Amino acid sequence: MRPLLGILLIALASGCVDTNTTQLSQNTIRVDVSAAPACGRTGAVRMVNKISAVETLRLGYDKYVIAQSASQDNVRVVGYNTQTYGSYGYGNFNASSYATPIVGGSRDAAVIVTMFNASDPQGRQAIDARQQLGPDWKEIVAKGAPSVCS
């Protein structure tokens with residue numbers, strides 16, 4: 001029962017994402033994302049793009065440009081869960097052992113985003129935030145920053 005509970009807790013926490021948005025100027029923000037190992041190599045990068053689009057619309061802008069970006073993979077094996085099974089019979093002992101790695105850390109990404117209104121000529125090459133989020137963009141913006149990778 002205990003191993004099952006442990007697996008369930010790991011599964012629930014595996015797709016978690018921690019986000020932070022800082023407004024640097026009227027039309028510039030910094031978005032930081034720290035994603036669980038289960039989100040995969042590009043999980044944090046996908047999330048930072050989605051959050052950039054959400055924040056652009058939430059702050060009253062239409063388009064955005066990612067001016068700077070950085071990412072780092074801090075995932076590593078932090079330990080092992082070892083199990084030994086065996087049987088004893090007729091003077092012999094048979095045993096099998098295996099070790100399951102325990103993975104920890106995070107996949108991190110950060111971007112500096114410059115936002116533009118649709119009529120701003122400087123934003124003509126910028127990414128349209130509504131198109132980036134798709135047809136359900138109003139629902140996505142209303143929910144705010146996602147807390148699980150998708």
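Tutor: Two strands pair if DSSP finds at least two bridges between them. Keep that in mind for this predicted model.

Student: In what order do the five strands of the open sheet stand?
Tutor: The sheet is open, and its pairing is antiparallel. Reading across its five strands gives the order 1-2-6-3-7.

Student: Which strands stand at the edges of that sheet?
Tutor: An edge strand here has a single partner strand, so one of its sides is left without a neighbour in the sheet. Two strands fit that description: strand 1 (17–25) and strand 7.

Student: How many bridges join strand 2 to strand 6?
Tutor: Strand 2 covers residues 28–35, and strand 6 covers residues 107–116. The two run antiparallel. In one of the pairings, Ile-29 has Val-113 of strand 6 as its bridge partner. The number of bridges joining the two strands is eight.

Student: At about what angle does helix 2 run to strand 6?
Tutor: Helix 2 spans residues 43–58. It lies across strand 1, strand 2, strand 3 (63–73) and strand 6. Its angle to strand 6 is about 30 degrees.

Student: Is Asp-128 buried, partly exposed or exposed?
Tutor: Asp-128 lies in strand 7, residues 127–128. Its relative accessible area is 23%. Buried would need under 20%, and exposed over 50%. Because 23% falls in between, Asp-128 is partly exposed.

Student: Which residues does Asp-128 contact, leaving aside its neighbours within four places in sequence?
Tutor: Contact requires heavy atoms within 4.5 Å. With those sequence neighbours set aside, Asp-128 touches Asp-62 and Lys-63.

Student: How far is the backbone nitrogen of Arg-130 from a polar atom of the Asp-128 side chain?
Tutor: A polar contact is a pair of N or O atoms within 3.5 Å. The backbone nitrogen of Arg-130 and a polar side-chain atom of Asp-128 are separated by 2.9 Å.

Student: What pattern does the chain follow along the sequence?
Tutor: The chain has four helices and seven strands. Read along the sequence, they give α-β-β-α-β-β-β-β-β-α-α.

Student: What share of the contacts with a separation of 6 or more joins residues 24 or more positions apart?
Tutor: The chain has 150 residues, and buried residues make up 29% of them. Among its contacts with a separation of 6 or more, the share from residues 24 or more positions apart is 69%.

Student: Over which residues is the pLDDT below 50?
Tutor: The mean pLDDT of the chain is 84, and 85% of its residues reach 70 or more. One stretch is below 50, with four contacts in the model beyond near neighbours in sequence. That stretch is residues 4–14.

Technical notes
Residues are numbered from 1 along each chain as its sequence is written. This is a predicted model: local features need pLDDT of at least 70, side-chain atom pairs count only at pLDDT 80 or more; totals for chains, interfaces and linings use all residues. Side-chain values use heavy atoms; hydrogens and water are left out. Buried means under 20% relative accessible area, exposed over 50%, partly exposed in between (1.4 Å probe, protein chains only). A polar contact is a pair of N or O atoms within 3.5 Å; within protein, one must be able to donate a hydrogen and the other to accept it, and residues adjacent in sequence count only if both atoms are side-chain atoms. Axes are lines fitted to C-alpha atoms, for helices over the stretch in contact, and angles run from 0 to 180 degrees between N-to-C directions. pLDDT is the predictor's confidence in each residue, from 0 to 100.
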